[in-house]
Structures are given as C-alpha cells and as structure tokens.
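Okay, thanks everyone, I'll keep this short. Let me put the sequence and the structure up, and then we'll walk through a few spots together.

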Amino acid sequence: MRLRVLAALAALSLGALTACGQSGGGTSAAGPLRIMAPAAPGGGWDQTSRTAEQAFKAADPQRKVEVYNVPGAGGTIGLAQLAGEKGNGNLLMTMGLVMVGAIEQNKSKVTLAETTPIAKLTEEYELVVVPAASPFKSVADLVAAWKADPAKVSISGGSAGGTDHIVAGLMAKAAGVDPKQVNYIAHSGGGEALNELLGNKVSAGISGVAEFAEHVKSGKLRALGVTSAERLPGLDAPTLKEAGLDVVLANWRGFVAPGGLSEADKKALTDAVTKMHDSQPWKDAVAKNGWIDSFQTGQQFADYLNAEQTRVKAIIAEMGLVS
C-alpha cells in the first residue's frame with residue numbers, strides 16, 4: 001500500500017513539473033524579469049527602464065520585475081555582461097542609438113550581433129540647452145563663440161559616440177566648424193551632465209527633450225533649439241533648422257535580450273513587452289515625456305537595427321569620431 005502511495009505521489013510530481021515546463025514557453029518564461037539599464041541613474045535609458053518596470057507590473061501584477069544599472073562606455077560594459085547571459089529568457093537590456101555609436105567609438109569586441117532584438121519602443125528628439133545665466137541667448141550666439149574658439153565652448157552630454165555627441169558634431173559641421181574640434185564632455189548618465197549645466201560648469205548641454213524639459217520650464221535652463229523638423233508642442237524652443245543649422249535627428253530606444261534564446265523564450269519576452277506597451281501606464285508615460293511611440297518587434301525591428309548600425313557607422317566616421 002505504501003509503495004502504491006509513493007508511486008502515485010511521484011507521478012503527480014512528475015506531471016506537475018511537466019505542466020510547468022510546458023507553460024509559457026520554457027522554464028524561464030514565467031520567472032522574475034530583470035531589466036538592465038546600461039548607464040548610470042538619471043539618464044534616458046534609466047528613465048525608460050524604470051518607466052517600463054512600472055508598466056510591466058501593471059500589465060502582469062504577479063510577475064516580479066527589477067531594474068538594475070550597469071554604467072560605462074556608452075552601454076558597452078552592460079552589453080558585454082548581457083552577452084555572458086546567453087540563453088537567459090528572463091533578461092532585457094534597454095538600448096538605442098547611443099549604443100550603436102558607442103560600439104564603434106569604443107571598438108567594442110561585443111556587438112549587437114550577440115543579442116536577440118526584441119522591440120523598438122520610442123523615439124525622442126534632442127534638446128540643446130544652456131544654463132540660465134549663459135550669455136548665449138540663441139543658437140547664433142553659440143555658433144559665433146564656436147567659430148571664434150571651439151575649445152572654449154564646452155558641451156556636456158551622454159556617452160562618446162552617442163546621440164548627444166552625434167548632434168554636437170552635426171551642429172558643428174552645419175555651422176562650418178570642424179567636428180573634431182568640438183569640446184565634448186561625455187558622461188555615462190544624464191544626471192551628471194545635468195549637474196554640470198545647473199552648476200554653470202559647461203557652456204551648453206545636449207540630451208533628450210524629457211531630460212531637460214522640466215528645468216527649461218522652471219527657468220533653470222534655457223532651450224536654444226530642438227532636433228525635430230517642426231516645433232514641438234509645449235516646448236518653447238525653435239528647431240535647429242529654424243535657427244539656421246540643417247540638423248534633424250531622432251534618438252530611439254528599445255529592448256534586446258541575450259543571444260541564444262529558444263524560440264519559446266523569444267516569443268514569451270516579445271509577448272510580455274507587447275503587453276507592457278499596450279498598458280495604460282506606458283501610454284500615459286509616453287505622452288507625459290513627449291516620446292514618440294515607434295513600436296516594432298520581430299524581424300521588422302531586427303532589420304531596423306541592422307540599417308541603423310550601417311547609418312550610424314557612416315555618420316561618426318564622417319565626423320572623425322573613429323579612426
């Protein structure tokens with residue numbers, strides 16, 4: 001009798017394990033989800049990651065979600081860590097245009113080929129600002145100082161080779177200043193760049209609209225121009241084109257996962273991100289931050305990522321940011 005009971009219990013346990021393994025696309029599909037922000041707190045990747053964290057929790061209250069930061073080298077330190085998590089279906093890394101440029105700039109041995117593209121999330125225009133006490137009242141003032149002595153005009157922004165740096169280079173080129181002479185001060189997180197601006201330690205700063213908008217509205221920073229083709233609602237700033245510089249550029253952000261994922265885990269992650277994207281908290285955050293919803297998944301995002309790598313490599317080579 002005792003043997004029959006033990007056999008029945010063993011059969012029940014095996015059945016339960018089999019059912020768990022078959023649900024949701026692999027053993028890792030329903031586990032706690034970790035989101036890596038490959039930069040210091042306070043920047044765009046960190047903001048996107050933590051916004052997504054709340055939206056994930058709203059879309060699936062039963063699932064634990066955690067954001068953690070791995071700053072350095074334009075996200076390539078985090079990228080190397082992600083590559084070491086091959087096959088992990090419970091991990092996402094926030095990334096975007098900045099990382100595409102940083103891989104080239106830093107000659108990273110690990111590339112996006114070693115990741116699994118999951119989704120493009122948003123686009124965001126860049127804002128050029130100066131401290132409130134700055135003598136620069138317009139882009140024309142900034143350009144005049146640039147032309148007089150590029151070394152004296154310090155510009156604070158994100159990682160070397162990233163979107164902010166590219167905007168600075170494109171602005172210089174459009175103004176007739178050698179992009180190689182731009183005095184660009186790179187930071188691994190938006191908080192550091194912002195502190196330099198608020199402390200009047202740099203001439204100007206470049207970052208995503210959402211990172212500077214509050215400080216522009218409060219009067220602590222002055223907006224000189226935005227990289228959109230047309231003026232943005234709710235932002236008192238001319239476009240760079242309107243200010244005389246033919247520069248239009250949108251930053252974008254998305255998620256990749258480690259390489260080597262099973263098709264089941266890839267589908268589970270894509271489905272989870274899609275559910276997060278469709279949630280009301282995410283939609284509200286996109287509207288509040290002035291982000292542009294540019295959601296793509298699957299092969300469409302993979303193709304976009306490949307095209308961006310080709311495009312950005314050409315831009316930063318032209319700017320002399322890589323040898």
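Start with Thr122 and what it touches: leaving aside residues up to four places away in sequence, the list is Asn251, Trp252, Arg253, Trp282, Val286, Trp291, Ile292 and Ser294. Thr122 sits in strand β4. Buried or exposed, then, for Thr122? Buried: the relative accessible area is 1%, and the cut-off for buried is under 20%. One thing to keep in mind throughout is that this is a predicted model.

Now zoom out for a second. The protein chain has 323 residues, and 52% of them are buried. In secondary structure, the chain comes to 11 helices and 10 strands. If you take the contacts with a separation of 6 or more, 79% of them are between residues 24 or more positions apart. As for the outside, about 14,400 Å² is exposed, and carbon and sulfur atoms supply 54% of that.

Another buried spot is Val153, in the loop between α5 (139-148) and β5 (154-157). Its relative accessible area is 2%, so Val153 counts as buried too. Which residues does Val153 touch, not counting those up to four places away in sequence? Those are Leu142, Ala145, Trp146, Asn183 and Ser203. And have a look at Val202: it's 49 residues from Val153 along the chain, yet the two C-alpha atoms are separated by 7.7 Å.

Next, α8, which I'd like to spend some time on. Why call α8 largely enclosed by the rest of the structure? Because 7 of its 10 residues are buried. Those buried ones are Val209, Ala210, Glu211, Phe212, Ala213, His215 and Val216. Right after α8 comes Gly219, with a positive phi near 90°.

The helix also turns up when we look at the open spaces. The largest pocket holds about 540 Å³ of space. Besides α8, the elements that give two or more residues to its lining are β4 (115-131), α7 and α10 (280-289). Which element gives the most to this pocket's lining? That's α8, with 7 residues. In total 23 residues line the pocket, and the ones nearest its centre are Val209, Ala210, Ala213, Lys288 and Asn289. Val209, Ala210 and Ala213 were on our buried list for α8 a moment ago. By class, the pocket lining has 10 nonpolar, 8 polar and 5 charged residues.

On to the closed spaces. How many cavities of 30 Å³ or more are there? The count is 2. The largest cavity has about 260 Å³ of space in it. Its lining is drawn from several elements, and those giving two or more residues are α2 (44-59), α6 (163-175), α7 (190-198), β7 (204-208), α8 (209-218) and β9 (250-258). Here it's β7 that gives the most, with 3 residues. There are 24 lining residues, and Gly44, Val98, Gly158, Asp164 and Glu211 lie nearest the centre of the cavity. Glu211 is the one you've already met among the buried residues of α8. The class split for this cavity lining is 6 nonpolar, 14 polar and 4 charged.

A quick word on α9, residues 263-277. That helix has 15 residues and runs 21 Å from first C-alpha to last, close to the 21 Å expected at 1.5 Å a residue. Its buried residues are Asp265, Ala268, Leu269, Thr270, Ala272, Val273, Met276 and His277. As a reminder, an α-helix has 3.6 residues a turn, so residues three or four places apart point the same way. Keep that in mind when you turn the helix around on the screen.

Last, a couple of backbone oddities. Most residues other than glycine have a negative phi. Ala73 isn't a glycine, but its phi is positive, about 55°. You'll find Ala73 in the loop between β2 (65-69) and α3 (76-83), and it counts as partly exposed because its relative accessibility is 35%. Then there's Lys107, again not a glycine, with a positive phi near 50°. Where is Lys107? In the loop between α4 (97-105) and β4. Lys107 is exposed, at 54% relative accessible area.

That's my tour, so over to you for questions.

Methods
Residues numbered from 1 in each chain as written. Predicted model: local features only at pLDDT ≥ 70, side-chain atom pairs only at ≥ 80, totals over all residues. Heavy atoms only, no water. 1 Å grid on protein atoms, 1.4 Å probe; cavity = no way out; pocket = protein on both sides within 12 Å on 5 of 7 lines; lining within 4 Å. Points joined across faces, edges and corners; volume = space filled by probe spheres on them. Helix = DSSP H or I, 4+ residues; strand = E, 2+ residues; numbered from the N terminus. Nonpolar A, V, L, I, M, F, W, Y, C, P; charged D, E, K, R; others polar. Buried < 20%, exposed > 50% of the residue type's maximum accessible area, 1.4 Å probe, protein only. Contact = heavy atoms within 4.5 Å. Areas by Shrake-Rupley, 256 points an atom, 1.4 Å probe, with all protein chains shown as cover. Expected span 1.5 Å × (residues − 1).
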